[in-house]
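The report that follows describes a few local features of the structure shown here, taking helix packing before the metal site.

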Amino acid sequence: MYAPAGVKTSKDYPIPDAMKAWVLGDPGQLTLKEKTVPVPKKAEVLVRIDAVAICATDLEIIYHGPPASIQGGFAFNKNFTPGHEYMGTVVALGPGVDEYKIGQRVTVEIHAGCGQCKRCRQGMYTSCHNYGLNYGDVDKGHRANGFTTDGGFCEYQVNNINTLVAIPDEMSDEEATLVVTAGTAMYGLTELGGLVAGESVVVTGPGPIGLLGVAVAKAMGAQPVILTGTRDNRLDIGRELGADHVVNVRKEDAVEAVRRLNGGRGVDYVLECSGAPNAVNEAIRMVNRGGKICLAAFPHEETPVNVADIVRNNIYLYGIRGEGKSATHRAEAFMSQKRFDATKIHTHTFPLDDLPTAIRYAKDRVEDAIKVVVKARGVSAAHKVAAE
Ligand SMILES: [Zn+2]
Ligand SMILES: [Zn+2]
């Protein structure tokens, strides 16, 4: 029975010594194995994982490697468990933890910064200068679930209390997995971008971050919010999440459409979530002078960028890595107040044992899948549940 020294547990939440965990072998190869249930240290809790959403970045890691960095290198054949968009129930408290209670439902941010570098002290813990320094004899305290340390495609995981976001009883497990996605969009627009009510926003690319970027921008009071993309069904969801206008770039020129829809002027912000080769140059032409472009997608190729236009027009261009500055807490506040319905992007749920099927749905967009969730309990094996 699980009873590590200094760790508080409860008979209401019995914890086994071993758990099921998916482990990454060669690229694309996942195997269900048994792992020891990890033990929370100081300022950490053990979370029983109740639901995990699959992210495009998980697919990158599982099939190609980066941006995961395990022991300073590729994640393959290192007994590594991917998965980072998870939520669950606190079931054990590390020494000294009184901020959370056993039985409390939480969703988790991905990054725990070292807490001592310049960026961590600025609240930019996703840009921690000790990123990935947590192997061998080195332990700077930095953790990124499913990127530099084991993630959530398993039954239990340890998390620093700084990464926890308490969620209300009314919020479903599936919705809770989306809090960090919304928090990432929020961090890009508000904490890093400085968006205030009444400013205009274009979101390019209706993937999960783009769609929740629309929702966050609208909930923040942006006007107008314009979404561009290639798939009408996703653009329709964007409209339901608050887009004032949608532009199918297969049918009309995105830059011209944006200028027309915003009274002939460019917009104040572009949140670039498409990763398309021409996306940055189009964004440069979509923003007004002094406007800001937030880059939130990982393009595969290097592309030439029109630097002269950036300089001439005093444009701010910045990348974001994940969530930061506790933006996730503010996203959760929006969601628990039902300022937008993030579950519109959740399309499928599978049991944890069926992770390979769930990954196929996410990767090949089977049945127009957007966010696919896996759950360790409450979903009968071999049966997917289509979201309503
Ligand atoms: Zn993600
Ligand atoms: Zn740091």
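## Helices H4 and H5

A crossing of two helices is called right-handed if the near helix is turned clockwise from the far one by less than a right angle, and left-handed if the turn is anticlockwise. In this predicted model, H4 passes H5 in a right-handed crossing. Helix H4 covers residues 179–191 and helix H5 residues 208–219, and their axes come within 8 Å and cross at roughly 60°.

On the H4 side the contact involves Thr181, Ala182, Thr184, Ala185, Met186 and Leu189, which meet Pro208, Ile209, Leu212, Gly213, Val216 and Ala217 of H5. Sorted by class, the residues where H4 meets H5 comprise nine nonpolar, three polar and no charged.

## Helices H1 and H11

A second helix pair is formed by H1 and helix H11 (residues 355–364), whose axes come within 10 Å and cross at roughly 110°. Because angles of 65 to 115 degrees count as roughly perpendicular, H1 is described as roughly perpendicular to H11.

The residues that make this contact are Leu59, Ile62 and Tyr63 from H1, together with Ile359, Ala362 and Lys363 from H11. In terms of class, the contact of H1 with H11 has five nonpolar residues, no polar residues and one charged residue.

## The zinc site

The zinc ion (ligand 1) has as its protein donors Cys55 through SG, His84 through NE2 and Glu85 through OE, and these lie 2.1 to 2.3 Å from the ion. Along the chain, the donors of the zinc ion follow the spacing C-x28-H-E. Cys55 and His84 are 29 residues apart and link distant parts of the chain, since Cys55 is in the loop between strand S3 (44–53) and helix H1 (56–64), while His84 is in the loop between H1 and strand S4 (85–93).

Are these two donors buried or exposed? Cys55 has a relative accessibility of 13% and therefore counts as buried, the cut-off for that class being under 20%. His84 is likewise buried, with a relative accessible area of 2%.

## Asp173 and its surroundings

Asp173 lies in helix H3, which spans residues 173–176. Its relative accessibility is 16%, so Asp173 counts as buried under the cut-off of 20%.

Leaving aside residues up to four places away in sequence, Asp173 touches Asp50, Ala51, Met87, Arg105 and Lys375.

Note on methods
Residues numbered from 1 in each chain as written. Chains lettered and ligands numbered in written order. Predicted model: local features only at pLDDT ≥ 70, side-chain atom pairs only at ≥ 80, totals over all residues. Heavy atoms only, no water. Donors = N, O, S within 2.8 Å, 3.2 Å for Na, K, Ca; no water. Helix = DSSP H or I, 4+ residues; strand = E, 2+ residues; numbered from the N terminus. Buried < 20%, exposed > 50% of the residue type's maximum accessible area, 1.4 Å probe, protein only. Axes fitted to C-alpha atoms, helices over the stretch in contact; angles between N-to-C directions. Parallel < 35°, antiparallel > 145°, perpendicular 65-115°, else oblique. Contact = heavy atoms within 4.5 Å. Nonpolar A, V, L, I, M, F, W, Y, C, P; charged D, E, K, R; others polar.
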